Amino acid sequence: MDKLPVKMMDPTLAEMGNHLSDAMKILESGKLESEQGKERRKLSWKDIPGPLQGDGQDVVSILQLVQNLMHGDDDKQGHRRMQYVGEQGHMALLGHSLAAYISVLERERLRKLTTRILSDTTLWLCRLFRYENGSAYYHEDDREGLVKVCRLVINTYYEDYATEGFTLLSSKHPVIYQSAACRPGLGQHLCSQLGLPLSCLCIVPCNTMFGSLHQMDVALLDKLIRDDSESGKAPLLLIANAGTPGAGHTDKLGRLKELCVQYNMWLHVEGVNLATLALGQVSSTVMAATKCDSMTLTPGPWLGLPAVPAVTLYRHEDPALSLAAGLTSSQPVEKLRALPLWLSLQYLGHDGIVQRIKHASQLSQQLLEHLKTLASIKTSDVVSHSRVPPISGGSLRDVLGSLILSIVEDELNSPVVVFRFSQDNSAPSSGGSVEGYYAGERDILDALNRWLGEQLAQQVPLSGVDVVELEDEGTCVCFSPLMTAAALGTQENDVAALVEKLGEMIPVLCCTLRFRQDFKDEVLQQASLSYIEDQSWPGLGGVRYEPRTTDLEEDKRQHWVEKINNDLLKKLMELDTDLYFSNGPEFCEEKNCIFIGMATEDLDVAELVETIVSFGRDIEESGKLFENMTEVVRKGIQEAELQLQKANEEKLIEEGVLRQIPLVGSVLNWFSPVQASVKGRTFNLAEGCLDSTEPVYSIKAQMIKDASLDSPKSATKRFPGQKLFRRHGAGSDSVSDTSSVSHLEDSFRETAHVQASDADEAEVPEERRVHIVEETVLSDQRVPEGEETESVDTLR
């Protein structure tokens with residue numbers, strides 16, 4: 001925001017605007033802190049409150065602290081701004097500063113100013129949203145307006161409520177009716193704030209036979225109200241939707257208003273579709289909201305205004321009851337809540353407000369038109385159980401295939417688009433089997449749609465799409481630009497990018513859906529693999545490698561299974577492939593598993609399963625060889641100790657006792673040297689036994705072969721850049737000549753190799769042996785006592 005002009009009646013206002021502009025630039029620039037300061041901040045306990053400094057801090061230091069708390073350790077500028085804050089956003093922020101400044105004016109001047117701000121804002125909103133002769137209540141919590149309206153209705157219905165209190169409620173039980181499609185927790189919040197039991201809340205089901213599954217069942221509501229009236233209860237208020245939180249559907253507001261007039265009830269409407277009342281063309285269903293008794297508007301997200309209050313418009317003739325209910329206040333400071341909205345509405349103007357709402361509606365229509373051209377994305381105007389074929393007449397897959405989404409297409413200005421991926425049964429099969437697919441369980445489609453929504457939100461963040469859970473349809477992707485476009489700055493090219501990404505992901509979803517059953521069949525054919533049934537996993541599925549060892553205890557076996565599968569997962573993640581391998585969802589019940597992600601058209605499922613089995617078998621054999629080698633070496637060392645001890649005893653007998661005595665032994669060795677032969681031992685790892693090294697020393701031309709004579713590893717023949725698990729001619733430029741995958745080589749099996757240079761020489765020890773040689777060297781001096789077992793310690 002540019003500097004405010006200095007030619008103002010109050011210089012303080014100009015200074016306040018300039019300071020706000022400077023503060024916004026500082027907080028958004030991210031260039032205040034030096035590299036040394038960042039390093040010091042990383043090493044400090046910044047999350048622990050510290051003492052208040054006695055000498056105070058300057059403005060820049062305080063703003064730096066705010067910036068650090070806002071952005072944390074994220075140094076990427078792209079992740080710092082949570083939403084787009086334009087000029088109109090700066091005006092809303094300036095309104096909060098002005099409200100604090102205006103509150104210090106003298107009481108009479110403050111009263112006149114707040115009255116003007118409140119009356120102007122109320123008049124503008126009532127004209128914008130076609131709500132004639134209405135009053136306005138501004139509140140921070142968007143549920144607070146409904147709470148105040150309920151108190152107004154209670155005070156109106158129970159004339160002596162102000163003096164008698166809850167005793168009147170006990171004599172005639174009040175009832176509040178709410179649609180089942182309302183946002184979760186709204187009715188419970190009302191009862192909690194009003195001090196009413198939950199029995200005062202009546203949840204009205206939505207249509208089950210005709211019409212949308214998200215519209216309130218008017219006929220059933222009529223019956224419920226009639227029954228409550230006959231039983232002595234007091235029907236007070238009905239909460240209807242002009243745009244449900246999930247699907248964006250609008251109740252039959254005209255018919256509901258007739259019921260409320262018939263039973264003398266209050267009708268309250270809320271929802272995102274109320275924003276379309278500002279447009280030139282409004283659908284008849286939404287236009288009926290202008291006749292309701294009260295409505296709650298949220299202009300903040302609609303217009304991209306940060307920290308502006310929600311507004312509840314209502315009609316009531318008794319100011320005293322409105323004051324008792326809290327809808328009006330005699331305190332001028334509370335009326336300043338409308339100041340940020342007052343400034344922002346003037347800055348945008350009537351045309352700017354209408355243009356923003358119209359732009360969001362056009363984005364929805366643009367996306368809806370593209371979705372209709374995609375075969376696997378289901379949209380429809382009406383969904384009812386009467387259209388669903390009976391289960392006895394078809395498979396559950398066909399039933400769920402017909403559970404498509406509801407989009408109110410007759411409402412031209414509906415700003416909410418909800419869509420869901422559903423396998424098109426008419427699509428041609430290429431390499432996968434559609435028949436017999438898991439009986440079409442909906443949980444799998446929910447998992448795929450959840451993955452679809454998360455990927456779209458991640459790859460096209462400016463689209464503002466989100467994942468929603470609908471009771472009847474399941475997991476869906478919701479595009480509500482009226483709630484996100486102004487804050488994110490969504491444009492038509494962002495919707496085009498969303499459609500493009502969606503077109504790229506649909507083939508992946510279709511292939512994964514087809515290959516799931518093939519993957520399961522291939523896994524079940526392998527005795528060493530167990531298939532993990534987890535319908536919440538968005539991918540091919542999960543497997544567990546089961547070792548063939550059955551003689552282990554249960555604890556050791558579980559540890560062995562965990563080690564093999566962890567090593568197997570690491571090996572698979574190192575492969576050059578497009579597949580995603582994971583240990584499963586965070587809260588997966590199955591442990592020690594490997595889950596495979598989404599598949600592509602050219603996936604060779606058989607090769608994938610064979611590779612998993614081969615890698616698992618190699619890891620299992622490597623582990624067994626390591627354990628066997630450890631045991632063999634331990635036993636070999638014990639045997640070597642016994643043989644060396646026996647050799648020392650034979651040496652003592654051969655040389656005699658006198659030669660073991662110091663000085664005497666030296667004299668005897670001088671006069672009569674002992675001719676000792678060289679004796680050694682070789683340790684055979686394969687057989688686990690000690691052999692003599694005499695054949696080695698009998699060879700005159702002894703050569704040590706290089707230690708790296710391993711056989712070359714076999715590798716799958718692939719073209720440069722080609723990934724693994726690709727089928728031949730399956731729509732991929734990279735073609736593999738074979739589906740086999742090279743096995744892992746065992747590093748524990750081969751050590752050093754010994755080979756004679758002459759083929760006619762005597763037999764030499766075979767490869768893969770480790771030679772442990774002990775040599776007895778002729779010496780003129782006797783070995784001191786106690787050092788004859790030095791070779792044993794060296795062997796250890």
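Where is the place of glutamine 535? Glutamine 535 sits in the loop between strand S12, residues 529-532, and strand S13, residues 541-545. I'll come back to that loop. One caution before we go on. This is a predicted model.

Let's start with the whole chain. The protein has 796 residues, and 46% of them count as buried. There are 25 helices and 18 strands. The exposed surface comes to about 42000 Å², with 53% of it supplied by carbon and sulfur atoms. Now the contacts. Take those between residues at least 6 apart in sequence. Of these, 73% join residues at least 24 apart.

On to the interior. In soluble globular proteins, nonpolar side chains tend to be buried together. Here, the largest nonpolar core has 73 residues. Tyr177, Leu221, Leu238, Val269, Leu274, Met295 and Trp302 have the most contacts inside it. Which helix gives this core its largest share? That is helix H16, residues 339-371, with 10 residues. Another core lies apart from this one. That other core has 30 residues, among them Val417, Phe421, Val499 and Ile506.

Look at leucine 238 for a moment. Leave aside its neighbours within four places in sequence. Leucine 238 is then in contact with Tyr177, Met216, Leu221, Leu256, Cys260, Met265, Trp266, Leu267 and His268. Two of those names, Leu221 and Leu256, lead to the next item.

That item is a helix pair. Two packed helices are described by the angle between their axes and the distance between the axes. Our pair is helix H10, residues 218-230, and helix H11, residues 253-262. Their axes come within 11 Å and cross at roughly 10°. Angles under 35 degrees count as roughly parallel, so H10 is roughly parallel to H11. Which residues of H10 and H11 make the contact? From H10, they are Val218, Leu221 and Asp222. From H11, they are Arg255, Leu256 and Leu259. By type, that is 4 nonpolar, no polar and 2 charged.

Next, helix H5, residues 107-128. Two of its residues are worth a stop.

Threonine 122 lies in H5. Is threonine 122 buried or exposed? Its relative accessibility is 12%, and the cut-off for buried is under 20%, so threonine 122 counts as buried. Not counting residues up to four places away, threonine 122 touches Gly134, Ser135, Ala136 and Tyr138. Threonine 122 and tyrosine 138 are 16 residues apart in sequence. In space, their C-alpha atoms are 9.6 Å apart.

Leucine 125 is in H5 too. Leucine 125 is buried, because its relative accessible area is 2%. Outside four places in sequence, leucine 125 touches Tyr138, Val311, Leu313, Leu341 and Leu345. Now a long step along the chain. Leucine 125 and proline 299 are 174 residues apart in sequence, yet 9.6 Å apart from C-alpha to C-alpha.

Now the backbone. Most residues other than glycine have a negative phi. Two residues here go the other way.

Take asparagine 133. Asparagine 133 has a positive phi of about 55° and is not a glycine. Its place is the loop between H5 and strand S1, residues 135-139. Asparagine 133 is exposed, because its relative accessible area of 74% passes the cut-off of over 50%.

Then alanine 307. Phi of alanine 307 is also positive, near 60°. Alanine 307 is in the loop between helix H13, residues 299-303, and strand S7, residues 310-314. Why is alanine 307 called partly exposed? Because its relative accessible area is 46%, and partly exposed runs between 20% and 50%.

Back to where we began. Glutamine 535 is in a loop, and at 15% relative accessibility glutamine 535 counts as buried. What does glutamine 535 touch, not counting residues up to four places away in sequence? The list is Glu441, Asp443, Ile444, Ala447 and Arg516. Take alanine 447 from that list. Alanine 447 is 88 residues from glutamine 535 along the chain. Their C-alpha atoms are separated by 7.2 Å.

That's the tour. Questions, please.

Definitions and conventions:
Residues numbered from 1 in each chain as written. Predicted model: local features only at pLDDT ≥ 70, side-chain atom pairs only at ≥ 80, totals over all residues. Heavy atoms only, no water. Helix = DSSP H or I, 4+ residues; strand = E, 2+ residues; numbered from the N terminus. Buried < 20%, exposed > 50% of the residue type's maximum accessible area, 1.4 Å probe, protein only. Contact = heavy atoms within 4.5 Å. Areas by Shrake-Rupley, 256 points an atom, 1.4 Å probe, with all protein chains shown as cover. Core = buried A, V, L, I, M, F, W, Y, C linked by side-chain atoms within 4.5 Å. Axes fitted to C-alpha atoms, helices over the stretch in contact; angles between N-to-C directions. Parallel < 35°, antiparallel > 145°, perpendicular 65-115°, else oblique. Nonpolar A, V, L, I, M, F, W, Y, C, P; charged D, E, K, R; others polar.
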